[in-house]
Every structure is written in C-alpha cells, then in structure tokens.
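Work through the two exercises below with the coordinates open, and compare each step with the solution that follows it.

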Amino acid sequence: MILVTGATGAVGREVAGLLAAAGPVRILARRPERLTVRGDGVEVVEGAYGDRPALDRALEGVSSVFLVTNSPTDPDDERVAGAAAAAGVRHLVKLSMMAVEEPGADDFITRWQRRNEETIRASGVPWTFVRPRTFMSNTLSWAPGIRSTGVVRALYGDAPVACVDPRDVAAVAVAALTGAGHESRTYAVSGPEAITAREQTAQLSRVLGRPLRFEELGLDAARTALLAKYPRPAAEAFLESAERQRAGAKAAVVPTVEELTGCQARPYRTWAADHADAFAAE
C-alpha cells in the first residue's frame, strides 16, 4: 500500500491518479470532498498532519509515502517522518524544489525546504527527494486576466525558466515510489526547454486562437500584488526567486523525466493545449 498526501494539489492529484490506475492507493486528506481521484481501489483517511491518530491510521500497513507539505510554520515534515518511522514505512518520497541544491538560492521558502529535507534524512526512513523546477500550471494565475481582457501581467517577461508539467513531476515520483534503487537519491526535474513569460503568452495566444498581450509588471506593482495574496516572507521569497530567474539561474534543462519514465518531458505548448479551457474567454 502506498500513501499519498497533497492529493488535491497539482502534483499529488496526478500521483494519486497514476497509482490508482495501477492498483490500490490510500490518501490522507484534510478535505476529502476536494479529491478528484476516486474508485474502488482508493481508500481515503480524513485528517491533517497535526492529527497523530489520523496519521497513524493512514500509515497502517503502508510501505511507501508520497509527501507534500505546504506550511512554512507547522512541523509537518517532522510529524509525518516521525509517524512513518514508527509505522515501519520503508520509503518516503518527498516533493521538494530544485532551488534547494543551488547555492545562490537563499530565500525564505528555499531555506524552509532545505530544513524539511534535513528533517527527513534524520528520521531514519529511507528517502527520495523529487525536486522540480517551476510548474507550468503556475500560469493558471494568468487565467482571469486572459479571460477578461486578453492581457498577461507578470514580472520580468524575458526571464527564461525550464518550467515543468506537474504530470511529468508526478510520473517521476511514481517511478521512485514503485521502482527499486531510488532510496537516498535526489531527482531534479525540469521541462524540455527554457521559456519566458512573453513566449508562454504567445503560445497561449496560438492555442486559444485569439490575440493576447503581455505587459511587464514593475517590481513595486509585483510586490503589491504578491502581498495581497501571501504573507510578506513568502512574497519576498517569490521576488528573490524572480531575480534569480532573470539572472538565468532557472534555465537549465535536465533529462530526468525521460531517464526515469522513458517518455520525453512535455513542452509548455502541450500543457497549454491540454488546459485551454481554463483560459477561454468569458
């Protein structure tokens, strides 16, 4: 039995779907009503990481865990790793981020993920870290502007990033969960090309069959927009990450998807075509 957490998120939902298509899977969910993966082989345990009895129920008889954590203040990695060790889990595959292996990345979110990895290493549970680059699905945040005005507004329109389809990240995670020899390994995961926000806008325009315009946000406007959605430490971390992207730190392409899955990583134009409905005009 494999336990999946974060199954309502971009990667976790895909991991759960891939595993459910091949056999039984268990999901720990704080809000089960939000799950999209269902079926006879899908077992759901309702609970949060801070609910140790629920966590113990979810881990009973589990051989491997796919772990996604989001809170920079709660010790969720410590909670899951400790409970997994007590339950005799043999493998924990954690969704991390590529920036943790890059010395120039020292923002709030990257430091948090580095600490999480250290916590899991110290737990004694055999581990694998899947470290993706920026998700292509992050551009879904452009959808309201595209639907209403046909305009994309973003910071640093000409900064390249080798963004990755969450479906490919999930495929790598499933390969690690179900294959042999992945313990104590770290897998950086990127898309097949470095692409800028301006180029993504042009590709979306072609997919949608209507003109779109890119408008570059200034730094102050970008900060204001981020602070409207996130606490200041997270907002500043996103801005620091954007500066690294502008300097070219996120443009490198790695072959991990093809090496672990046998399939080429999907380019942004494929992701855009598959999600065109999200950007359809109002």
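The exercises concern one strand with its neighbours, and then the cysteines.

This is a predicted model, in which local features need pLDDT of at least 70 and side-chain atom pairs count only at pLDDT 80 or more, while totals for chains, interfaces and linings use all residues. Residues are numbered from 1 along each chain as its sequence is written, and side-chain values use heavy atoms, with hydrogens and water left out.

**Exercise 1.** Determine which strands pair with strand 2 and in which sense.

Solution. Begin with the elements, which are DSSP runs numbered from the N terminus (helices H or I, at least four residues; strands E, at least two). Strand 1 (residues 2-4) pairs with strand 2 in the parallel sense over two bridges, where pairing requires that DSSP finds at least two bridges. Val4 lies opposite Ile27 of strand 2. On the other pairing, strand 2 and strand 3 (residues 42-46) are parallel over five bridges, and Val25 faces Val42 in strand 3. Finally, consider burial (under 20% relative accessible area, with exposed over 50% and partly exposed in between, for a 1.4 Å probe and protein chains only): Val25, Ile27 and Ala29 on one side of strand 2, and Arg26 and Leu28 on the other, are all buried.

**Exercise 2.** Explain why Cys163 forms no disulfide.

Solution. A disulfide is a pair of cysteine sulfur atoms within 2.5 Å, and a search of the whole structure finds zero of them. The closest cysteine sulfur to that of Cys163 belongs to Cys263 and is 19 Å away, too far for a bond. As for their surroundings, Cys163 is buried at 2% relative accessibility, whereas Cys263 is partly exposed at 48%.
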